[in-house]
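Grab a coffee and open the viewer. Here are some short exercises to work through, each with a solution you can follow step by step.

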Amino acid sequence: MENTGSKKRGSVLEFFTSAKFLIYLGHALSTWGDRMWNFAVAVFLVELYGNSLLLTAVYGLVVAGSVLLLGAIIGDWVDKNPRLKVAQTSLIVQNTCVILCGILLMVIFQFKDQLTELYNGWLLTTCYILVISIANIANLASTATSITIQRDWVVVVAGQDRNKLADMNATVRIIDQLTNILAPMLVGQIMSFGSHFIGCGFISGWNLFSMCLEYCLLWNVYQKTPALAIKGGQKDIDQEMRQLNSQKEVENGDIPVEGSQLMTASALEAKKKDPEKPAGCCYQMAEPLRTFRDGWVAYYNQSIFLSGMALSFLYMTVLGFDCITTGYAYTQGLNGSILSLLMGASAIAGIFGTVAFTWVRKKCGLIRTGFLSGAVQLACLMMCVVSVFMPGSPLDLSVSPFKDIVSHLFGDSGSLPEGPTPSISTVALTLNSTTMVLEESPQVESYLSVSLLFAGVIAARVGLWSFDLTVTQLIQENVIESERGVINGVQNSMNYLLDLLHFIMVILAPNPEAFGLLVLISVSFVAMGHMMYFRFAYKSLGRRLFLCCSPEQKEDSDSPSLPTTV
């Protein structure tokens, strides 16, 4: 009995000191800080600019545009540098920028009146520019951290075991969903019962503490996983070095000294370089443009290109728990308590989807899991389509979708009449950025339409998160190590591009009367995304895609190891 108890204690201790658990702990700390900051920075910017949404809109545009343009370049930087250097550098840059932003915001909140009077307010404007610029750098560093840890380190720590990789991906995603709900709640309570000044100080202190602890965790993971020290692009050179050194040992009958190894390495590096490459100033300045072009070309040439595009198309939707959907819910009579319960149900559905992913993948294989997840998501979204035509739906195509835009440009004296409810974008941004307290909700005739809408959105999260994990693992398994960073960088850019398009769609049709049309467009884009994935799956499996799923028929069950990627 004592031996059994000691073995159990030893296994528990081994798990809590394993590289896998340290990855989970570091990711939890990182995402907790990210979620707190992303939630709080919008509130801070609105508060600073007199409850105007201008700074928040500028910040969102800068962040989305930066990732869209620099995603491939960030991924290329991840590929070309050692893993530990990339992880540590992005960690330090991200947390340092957040700390600096927090301190700068504390100064602005404390001395805003004095800053307004200095240099006719230009000093305060400069502070706003600095906050947005530094926060944008923090977001770019966060993107690099996400690529290197979630898309690269996790693959290496999982080794050659697909099942372990799937379990790690699912666990990381569950951590994401939990922190996405809990972290904003914590910082929101701190700002509600304290002040924005205290909120800034708390976030800065948390990031300082988290940065030190994450740095130590990264170092321990690196030490426990020797494979992290070797990248795919370096293995061919190392193999050639060993072959040349072995030949020299045979010829000389002794062991070569360190200098000869360095000379061999230098020779091999020189051999791989293009002797005719121009080194002019213009060539160096154009390097980022070539990296951007080469990254998108490499993404297009990947075997998983269609599956990546399918995932991006799912971002072109208003059927998610973002500020747009919650704003529409408010116009349909749902109050804050109901919305919070719906968000909690959405998180539970998402966690169920991540758990279902691991089970279905073992039974049906990875590619079939994506196909089944897409079918589940589309089936659930049919409830959203039906809700557009049910009693209580404000759908009215006779109302001009540009009514609010015209009224803002030309005033309320124009020929277009005022609508019965405020625009979705106005309510959404107000709910998302200014306060945690909702005013009394407008009364509606029937809740059947909005109930069906949110039932479909919540149920679809099961298929959505399972599909997201499927595409994530497909990229991890099928992209070679030397391109893993740039491909994931381009994937992030595609996601941001379609996300921007969905916000533009709402800006063009901001009225609740047009929301039903946005729902139909969103479901159409989701359907197009899953059609792309179906083409990818059918191209990969052929008619076996529709066969009964047995262990002998799974496309990835013949061997538990990942394919060689170098």
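## Exercise 1: the cores

Task: find the residues that touch the most other members of the largest nonpolar core, then say which helix gives the most to it.

Solution. Keep in mind that this is a predicted model. Start with the largest nonpolar core, which has 64 residues; V318, L319, L453, F454, F515, V519 and Y533 touch the most other members. Next, look at the helices: α19 gives the most to this core, with twelve residues. Now zoom in on V519. Setting aside neighbours within four places in sequence, V519 is in contact with V318, L319, C384, V388 and L453. Finally, don't miss the second, separate core of 33 residues, which includes A40, V41, L105 and I134.

## Exercise 2: the overall build

Task: work out how many helices and strands the protein has, and what share of its residues count as buried.

Solution. Count the secondary structure: there are 21 helices and zero strands. Then go to burial, where 47% of the 566 residues count as buried. For the outside, the accessible surface is about 27,700 Å², and 65% of that belongs to carbon and sulfur atoms. Last, check the contacts with a separation of 6 or more: residues 24 or more positions apart account for 85% of them.

## Exercise 3: a helix length check

Task: what span should helix α21 have at 1.5 Å a residue, and how far apart are its end C-alpha atoms?

Solution. Helix α21 covers residues 515-541, which is 27 residues. The expected span is 1.5 Å times one less than the number of residues, so α21 should span 39 Å. The end C-alpha atoms of α21 are 39 Å apart, so the two values agree. Just past the helix comes G542, whose phi is positive, near 65°.

## Exercise 4: a salt-bridge network

Task: the structure holds ten salt bridges. Trace the network that includes R35, and decide for each member whether the residue is buried or partly exposed.

Solution. A quick reminder: side chains of opposite charge can pair when their charged atoms come close.

1. Begin with R35 and D176, whose side chains meet in a salt bridge (4.0 Å, N to O). This pair links distant parts of the chain: R35 is in helix α2 (residues 19-48) and D176 in helix α7 (residues 162-193), 141 residues apart.
2. Move on to D468, which forms a salt bridge with R173, with the closest N and O atoms 1.9 Å apart. Again the pair links distant parts of the chain, since D468 is in helix α19 and R173 in helix α7, 295 residues apart.
3. Join them up: R35, R173, D176 and D468 are linked in a network of salt bridges.
4. Now sort by accessibility, using under 20% as the cut-off for buried. R173 is buried at 6%, D176 is buried at 10%, and D468 is buried at 11%. R35 has 21% relative accessibility, so R35 counts as partly exposed.

## Exercise 5: a pair within one helix

Task: where do K80 and D76 lie, and how many residues apart are they?

Solution. Both K80 and D76 lie in helix α3, four residues apart, about one turn of the helix. Their side chains meet in a salt bridge (3.2 Å, N to O). The two partners fall into separate classes: K80 is exposed, with a relative accessible area of 59%, whereas D76 counts as buried at 18%.

Stay on this helix for a moment. V58 is also found in α3 (residues 54-80), and its 34% relative accessibility makes V58 partly exposed. Together with Y49, L54 and V62, V58 makes a nonpolar surface patch of about 290 Å².

## Exercise 6: two residues and their contacts

Task: is L469 buried or exposed, and which residues does M390 contact beyond its neighbours within four places in sequence?

Solution. L469 lies in helix α19 (residues 448-478). With 0% relative accessibility, L469 counts as buried. Not counting residues up to four places away in sequence, L469 touches N169, A170, R173, T354 and F357. Take R173: L469 and R173 are 296 residues apart in sequence and 8.1 Å apart in space, C-alpha to C-alpha.

M390 is found in the loop between α16 (366-387) and α17 (403-410). At 27% relative accessibility, M390 counts as partly exposed. Beyond its neighbours within four places in sequence, M390 is in contact with L448, S449 and L452.

Definitions and conventions: Residues numbered from 1 in each chain as written. Predicted model: local features only at pLDDT ≥ 70, side-chain atom pairs only at ≥ 80, totals over all residues. Heavy atoms only, no water. Helix = DSSP H or I, 4+ residues; strand = E, 2+ residues; numbered from the N terminus. Buried < 20%, exposed > 50% of the residue type's maximum accessible area, 1.4 Å probe, protein only. Contact = heavy atoms within 4.5 Å. Core = buried A, V, L, I, M, F, W, Y, C linked by side-chain atoms within 4.5 Å. Patch = residues over 30% accessible without salt bridge, like charges linked within 9 Å, V, L, I, M, F, W, Y side chains within 5 Å. Areas by Shrake-Rupley, 256 points an atom, 1.4 Å probe, with all protein chains shown as cover.
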